[in-house]
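Please open the structure in a viewer and keep the sequence panel visible. The tour below proposes one selection after another and describes what is found at each stop.

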Amino acid sequence: MDSGTERMMRANEANWDARTPIHAESRFYQRDPETWFADWEWADLGELADRDVLTLQCHLGVDVVAFARRGARAVGLDLAGAAIDEARARAQRDGDDVEFVRANVYDAVEALGGRRFDVVYTAKGSLCYLPDLPAWASVVADLLNPGGLVYVVDFHPLLNALGPSQNGDDGPNLLLRNDYLSGRGAIEKNSTHTYTDGPALAGSTRAYEWRHGVGDLVTALAGAGLRIEGLRETEQIQWPRWPHMEQTEPGWWRLPEGEPRIPLLFALRATKN
Ligand SMILES: C[S@@+](CC[C@H](N)C(=O)[O-])C[C@H]1O[C@@H](n2cnc3c(N)ncnc32)[C@H](O)[C@@H]1O
């Protein structure tokens, strides 16, 4: 990584450290870990009991705890020290048998001492913080046991590309407002508030994101020698991104029935030979 990219990842670390105390107190991060996953995510993940499962960019470790409660030997890794401290404190409070490691995902092989896993998982809202997908895919391949599964669930790049028009009469019209494809480098975001309920950040409001098309992701994983097993695209997400979205079942929203069906989330499964 060049020094500019290293600097941006350090800014992201400080930003996630600043978000952590707000997230720790938020209603958003008090939800039951089991309910963070759709039935189809559990089906894609398969049997987890007695499996070594690593969550990259685990934040407060909600997914890690959910996997442990299904019988996995669950490890979470994240760049933000404050998030790892909070994840450990929560696990201790709730008696969950999990392990957390503070490291940059690009240093994960070293940080985990060469351990390998049956499942490597990354959750929604993770890929946008990765400046280099081929390098990340190579780390993922190194972390997997032979036969192991990488499961990537994230917001669809089309969701990130769309934004509402300013003054629609019958609800917002969605327009293409942001890049779908990568290629324009880092995007600087400067936001005093995070995505959960709670107060403003105390500082470190600047963060950097990178866009990745679905083709970039598939190509990066295939280039690392992984075999793509499936790529699911769904029209539902776990919060009402735009005000006119409709709730379909507890915790899931979609665009109204009359609007075009477009993917808002995707889930990719790939395996190592
Ligand atoms: C939106 S969260 C991921 C979703 C998470 N599973 C949750 O519970 O909400 C993004 C996480 O990525 C982490 N992160 C960002 N860049 C990283 C990097 N280079 N290496 C490791 N973690 C990183 C942040 O610290 C943050 O905790």
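Begin by selecting Val-150 in this predicted model. Apart from residues within four places in sequence, Val-150 is in contact with Val-120, Val-140, Leu-144, Leu-221, Leu-226 and Ala-270. Display these residues together with Val-150. Val-150 also ranks among the residues with the most contacts inside the largest nonpolar core, which has 62 residues. Val-53, Leu-54, Val-120, Trp-136 and Val-140 are on that list as well.

**The sheet**

Next, select the strands in the order β3-β2-β1-β4-β5-β13-β10. These seven strands form an open sheet, and their pairing is mixed. Its edges are β3 (98–102) and β10 (227–234), each of which pairs on one side only. From one strand to the next, the twist averages 15°. In general, strands of a sheet pair through backbone hydrogen bonds, either parallel or antiparallel.

Now restrict the selection to β5 (residues 144–155) and β13 (residues 265–271). How many bridges join β5 to β13, and do the strands run parallel or antiparallel? Seven bridges join them, and the two strands run antiparallel. Within this pair, find Val-153, which stands opposite Ala-267 in β13.

**Helices across the sheet**

Add helix α4 (residues 81–94) to the view. Helix α4 lies across β2 (73–78) and β3, and runs at about 165° to β3. Then add helix α8 (residues 214–223), which lies across β5, β10 and β13. The angle between α8 and β10 is about 160°.

**The ligand**

Select the ligand and the 20 residues that surround it. The closest are Trp-16, Gln-57, His-59, Ala-123 and Gly-125. The elements that give two or more residues to this shell are α1 (3–25) and α3 (62–69). Helix α1 gives the most, with three residues. Colouring the shell by class shows eleven nonpolar, six polar and three charged residues.

**A loop residue**

Finally, select Gly-198, in the loop between β8 (187–190) and β9 (206–209). Is Gly-198 buried, exposed or partly exposed? Gly-198 counts as partly exposed because it has 18 C-beta neighbours inside 10 Å, while a buried residue needs 20 or more and an exposed one has 12 or fewer. Leaving out residues up to four places away in sequence, Gly-198 touches Ile-22, Glu-25 and Ser-26. To end the tour, draw a distance line from the C-alpha atom of Gly-198 to that of Asp-132. These two residues are 66 residues apart along the chain, and their C-alpha atoms are separated by 32 Å.

Key: Residues are numbered from 1 along each chain as its sequence is written. This is a predicted model: local features need pLDDT of at least 70, side-chain atom pairs count only at pLDDT 80 or more; totals for chains, interfaces and linings use all residues. A nonpolar core is a set of buried Ala, Val, Leu, Ile, Met, Phe, Trp, Tyr and Cys residues joined through C-beta atoms within 7 Å. Two residues are in contact if their C-beta atoms, placed from the backbone, lie within 7 Å. A residue is near a molecule or strand if its C-beta atom, placed from the backbone, lies within 6 Å of it. Helices (H or I, at least four residues) and strands (E, at least two) are DSSP runs, numbered from the N terminus. Ala, Val, Leu, Ile, Met, Phe, Trp, Tyr, Cys and Pro count as nonpolar, Asp, Glu, Lys and Arg as charged, and the others, Gly among them, as polar. Two strands pair if DSSP finds at least two bridges between them. Axes are lines fitted to C-alpha atoms, for helices over the stretch in contact, and angles run from 0 to 180 degrees between N-to-C directions.
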